[in-house]
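Q: Please take a close look at a single residue of this model, and place it in its surroundings.

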Amino acid sequence: MLQPIVVGLDGSRESVAAADWAAREALRRGLPLRLIHAWEGPPEPAESTGEVRS
């Protein structure tokens, strides 16, 4: 089984450049390419203390 070239993407210019390099390298070597996308989810809601401010 051929091991893929794996590259992570997070939306930055650097990650897009890395994906471009990885795609060219995968073609050159005749290997599969796997792109992994990462993102930060929404923040966790703050826990309520029950205090009411006026």
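**A close look at Ser15**

A: Let's start with the whole: the protein chain exposes about 5100 Å² (Shrake-Rupley, 1.4 Å probe), and carbon and sulfur atoms supply 56% of that area. This is a predicted model, where local features need pLDDT of at least 70 and side-chain atom pairs pLDDT 80 or more, while totals for chains, interfaces and linings use all residues. Residues are numbered from 1 along each chain as its sequence is written, and side-chain values use heavy atoms, leaving out hydrogens and water.

Along the sequence the pattern is β-α-β, with one helix and two strands (DSSP runs: H or I of at least four residues, E of at least two). Ser15 belongs to helix α1, residues 13-29. Of the chain's 54 residues, 15% count as buried (under 20% relative accessible area). Ser15 is buried because its relative accessible area is 7%.

What does Ser15 meet there? Leaving aside residues up to four places away in sequence, Ser15 touches Gly8, Leu9 and Asp10 (heavy atoms within 4.5 Å). With Asp10 there is also a side-chain to side-chain polar contact at 3.1 Å (donor and acceptor N or O atoms within 3.5 Å).

Two of those neighbours, Gly8 and Leu9, lead us into strand β1, residues 5-9. Leu9 is on the covered face with Ile5 and Val7, whereas Gly8 is on the uncovered face with Val6. β1 pairs in the parallel sense with strand β2, residues 33-37, over five bridges (DSSP pairing needs at least two). At one point of this pairing, Ile5 stands opposite Leu33 in β2.

Technical notes. Buried means under 20% relative accessible area, exposed over 50%, partly exposed in between (1.4 Å probe, protein chains only).
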